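This report describes the helix packing, the nonpolar core and selected residues of one protein chain. The sequence and the structure follow.

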Amino acid sequence: MRQSHGLAQDTAVILHRGAPHLSVETCTQAIRTIFALVAGLYPMTTPAPHVYAIMSEPEFADLQADFETSLLFAIRSILAGIAEVGSD
């Protein structure tokens with residue numbers, strides 16, 4: 001049986017293996033930030049019917065987003081940012 005420290009930590013270790021110049025702590029922070037983005041983006045991009053009706057109004061058109069497109073943009077931005085800044 002595999003020992004697990006938690007999903008964020010396990011994912012951070014995988015990210016660290018791919019980018020060893022970043023500390024595991026930096027990778028963990030990146031993963032936590034990505035999880036927070038998922039938590040916010042999903043309801044924003046898949047609103048309840050009554051919210052969808054309002055968001056379909058023309059004045060809200062620029063707030064509509066696609067989940068996958070938005071998430072990929074955010075992940076790339078986070079990873080580019082930590083690659084630029086580096087580890088703690």
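Is the crossing of helix 2 and helix 4 left-handed or right-handed? The crossing of these two helices is right-handed, a term used when the near helix is turned clockwise from the far one by less than a right angle, anticlockwise being left-handed.

The model is predicted, with local features requiring pLDDT of at least 70 and side-chain atom pairs pLDDT 80 or more, while totals for chains, interfaces and linings use all residues. Residues are numbered from 1 along each chain as its sequence is written, and side-chain values use heavy atoms, with hydrogens and water left out.

**Helix packing**

Helices are DSSP runs (H or I, at least four residues) numbered from the N terminus. Axes are lines fitted to C-alpha atoms over the stretch in contact, and angles between N-to-C directions run from 0 to 180 degrees.

| Helix pair | Axes come within | Crossing angle |
|---|---|---|
| Helix 1 and helix 2 | 8 Å | roughly 120° |
| Helix 2 and helix 4 | 10 Å | roughly 160° |

Helix 2 and helix 4 are therefore roughly antiparallel, the class for angles over 145 degrees. Their contact (heavy atoms within 4.5 Å) involves, among others, Thr26, Ala30, Ile34 and Tyr42 of helix 2 and Phe67, Ala74, Ile78 and Ile82 of helix 4.

The axes of helix 1 and helix 2 cross at roughly 120°. That angle makes helix 1 oblique to helix 2, oblique being what remains outside roughly parallel (under 35 degrees), roughly perpendicular (65 to 115) and roughly antiparallel. The crossing of helix 1 and helix 2 is right-handed. Residues making this contact include Ala8, Ala12 and His16 of helix 1, and Val24, Cys27, Ala30 and Ile31 of helix 2.

**Nonpolar core**

A nonpolar core is a set of buried Ala, Val, Leu, Ile, Met, Phe, Trp, Tyr and Cys residues joined through side-chain atoms within 4.5 Å. Buried means under 20% relative accessible area, exposed over 50% and partly exposed in between (1.4 Å probe, protein chains only). The largest nonpolar core has 10 residues: Ala8, Ala12, Ala19, Leu22, Cys27, Ala30, Ile31, Ile34, Ile78 and Ile82. At least two core residues come from each of helix 1 (7–18), helix 2 (24–45) and helix 4 (67–85). Helix 2 provides the largest share, 4 residues.

**Charged pair and selected residues**

The structure holds 1 salt bridge, defined as a side-chain nitrogen of Lys or Arg within 4 Å of a carboxyl oxygen of Asp or Glu. It pairs Glu25 with Arg32, whose closest N and O atoms are 3.9 Å apart. Glu25 is partly exposed at 40% relative accessibility, and Arg32 is partly exposed at 44%.

Asp10 is found in helix 1 and is buried, with a relative accessible area of 17%. Asp10 and Val24 are 14 residues apart in sequence and 9.9 Å apart in space, C-alpha to C-alpha.
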